[in-house]
Amino acid sequence: MSTLDTGITLIRSAAGRVSAANNWMGNAFKGWMPTGLYARTMLIMIVPMVVLQWVVAFVFFERHWSNVTQHLSASVVQDIASLIDVYKGYPQDKDRALLRRIAQQRLGLVVDFLPVGDMPAPGPKPFFSLLDQSLSVQLGRQIGKPFWIDTVGRSNQLEIRIQLDDAVIQIFAQRSAAYASDSGIFLVWMFGTSSILLIVAWLFLRNQIKPILRLADAAESFGKGREATGFRPRGAREVRRAAQAFLEMKGRVERSIEQRTAMLAGVSHDLRTILTRFKLELALIGDSPEVDGMRRDVDEMSGMLEDYLAFARGDSGEQAQPTDMAAALEELRGDAERNGHAATVAFNGLPVVTVKPASFKRCLANLISNAARHARSISITGHRDHRYLTVSVEDDGPGIPLSMREEVFKPFLRLDDARNQDEGGTGLGLAIARDIARSHGGDITLGSSATGGLRATVRVPV
Ligand SMILES: Nc1ncnc2c1ncn2[C@@H]1O[C@H](COP(=O)(O)OP(=O)(O)OP(=O)(O)O)[C@@H](O)[C@H]1O
Ligand SMILES: [Mg+2]
């Protein structure tokens, strides 16, 4: 029982260490892993390929190439050794004609004899001298006489001189006879084919990643309340599935918005019919203070219904299009001034922004009308960078206490009841404005302005 326990504890601690090491590796790699899917996939393909090639090249050079060169040099040196034996064994061969002929015809070697002492000093060894090395080893081992070799002088021939007792034998051999020189072509093939493979992989990969990017674009523009024209599921099965799921979700969201709009419009319309009847009946009753009160109530109710209808309609159907925001803000300022309010406007950044023009203007107009209702001077500032369009409407009025800044977005919620009974609206302005901002993929936030009033900030992605 206790051995089992210790075994389990051991396994647990080992598993803990493995998972810690895994986490550590994950974090270490995260720093320098590229973030894009494209780059990552290429990396996943390139790294094993390069490692494989290094291993193959190393093993090949280390084992095969040097082995072959050693064998080839050994056989050349063997030939030379037998020529030397012939030279020694047949001194009657005048001018060494027979020897030369055998060497030339049978062994492919050109042999000459030089006077003794015609041995140059050993030259500098070439840097990468596999051939030099193996030839030297074989000459020392098989012949054991002073020698001199030149493997670089003539590009496709090598020269060997060996000191004999009465002469120096000079031999020219084909470089290829002693050296596995075609091995370079192996590397060329290896790197060439892998480069072609990588290019093919890159092209294929691009086609695989394109549908994912399209899906991301479509989702993004849906979030901003724009129509993604011409989007349809494409690419690998999984990507198509994700795209299909996105389309279905988009359909459901659109249907539920439509349903909400239709229902609210229906309710408002029905109530308005009844209210109209009510008004007619009140008109028939005649005048009395109670009837006047009822009339006012009915008027208020129908005003609320109008606003509600506008709210319910939302921005239905309007298409987003490039709009000159600086000009739109300027227009709003003009409206505010005509209504007798001091207003300033400032805009920086590129002014043309893709929004639903009428809705967006309504959103800002609601904020400005609030400011106009509560304050004397209004300042409108617009700012656009590469991601967001931000418009702030600031005033010098009483502002909204921190605790109420989320509450006031609720439909029909008004703080004015206590402050100013007559001048109030329906309490839908901020709700509508937020609805519009959200349908653009953005939002509205409330804060305090520098002059102690309210600052309403609309921020939408561009
Ligand atoms: N600039 C502001 N300064 C002070 N209070 C504000 C300001 N803007 C809005 N409020 C408060 O927030 C409440 C809700 O505003 P909202 O615009 O939703 O409704 P409303 O202005 O009363 O009616 P509507 O806009 O439908 O005519 C207002 O009743 C008001 O008390
Ligand atoms: Mg308002």
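Which residues does Ser66 touch, not counting residues up to four places away in sequence? In this predicted model, the residues that Ser66 touches under that condition are Phe61 and Leu130. The points below begin with the helix that holds Ser66, turn to the surroundings of ligand 1, and end with a residue of helix H12.

**Helix H2**

- Ser66 has its place in helix H2, which covers residues 37-89, and because its relative accessibility is 14%, under the 20% limit, Ser66 counts as buried.
- Gln53 is also found in helix H2, and with a relative accessible area of 11%, again under the 20% limit, Gln53 is buried too.
- Leaving aside residues up to four places away in sequence, Gln53 touches Met190, Phe191 and Ser194.
- With one of these residues, Ser194, the contact is also a polar one, since the side chain of Gln53 makes a polar contact with the side chain of Ser194 at 2.6 Å.

**The surroundings of ligand 1**

- Ligand 1 is surrounded by 20 residues, and the closest of them are Asn370, Arg373, Asp395, Gly427 and Leu430.
- Three helices, namely H10 (357-374), H11 (416-419) and H12 (429-439), each supply at least two residues of the shell around ligand 1, and H10 gives the most, with 4 residues.
- The space that ligand 1 takes up is the second largest pocket.

**Polar atoms close to ligand 1 and its cover**

- On the side-chain side, a polar atom of Asn370 lies 2.8 Å from an oxygen atom of ligand 1.
- On the backbone side, a polar atom of Gly429 is 3.0 Å from an oxygen atom of ligand 1, while a polar backbone atom of Leu415 is 3.2 Å from an oxygen atom of the ligand.
- Taken on its own, ligand 1 has 590 Å² of accessible area, and the protein covers 95% of that area.

**Ala433 in helix H12**

- Ala433 has its place in helix H12, one of the helices that supply at least two residues of the shell around ligand 1.
- Because its relative accessibility is 0%, which is under the 20% limit, Ala433 counts as buried.
- When residues up to four places away in sequence are not counted, Ala433 touches Cys363, Asn366, Leu367 and Ile444.
- Ala433 and Trp54 are 379 residues apart in sequence, and from C-alpha to C-alpha they are 63 Å apart in space.

Definitions and conventions
Residues are numbered from 1 along each chain as its sequence is written. Chains are lettered from A and ligands numbered from 1 in the order in which they are written. This is a predicted model: local features need pLDDT of at least 70, side-chain atom pairs count only at pLDDT 80 or more; totals for chains, interfaces and linings use all residues. Side-chain values use heavy atoms; hydrogens and water are left out. Buried means under 20% relative accessible area, exposed over 50%, partly exposed in between (1.4 Å probe, protein chains only). Contact means heavy atoms within 4.5 Å. A residue is near a molecule or strand if one of its heavy atoms lies within 4 Å of it. A polar contact is a pair of N or O atoms within 3.5 Å; within protein, one must be able to donate a hydrogen and the other to accept it, and residues adjacent in sequence count only if both atoms are side-chain atoms. Accessible areas come from the Shrake-Rupley method with a 1.4 Å probe; for residues, only the protein chains shown count as cover. On a 1 Å grid over the protein atoms alone, a cavity is a set of points where a 1.4 Å probe fits but cannot get out, and a pocket is an open set with protein on both sides within 12 Å along at least five of seven lines; lining residues have an atom within 4 Å of a point. A molecule sits in a cavity or pocket if more than half of its atoms lie within 2 Å of its grid points.
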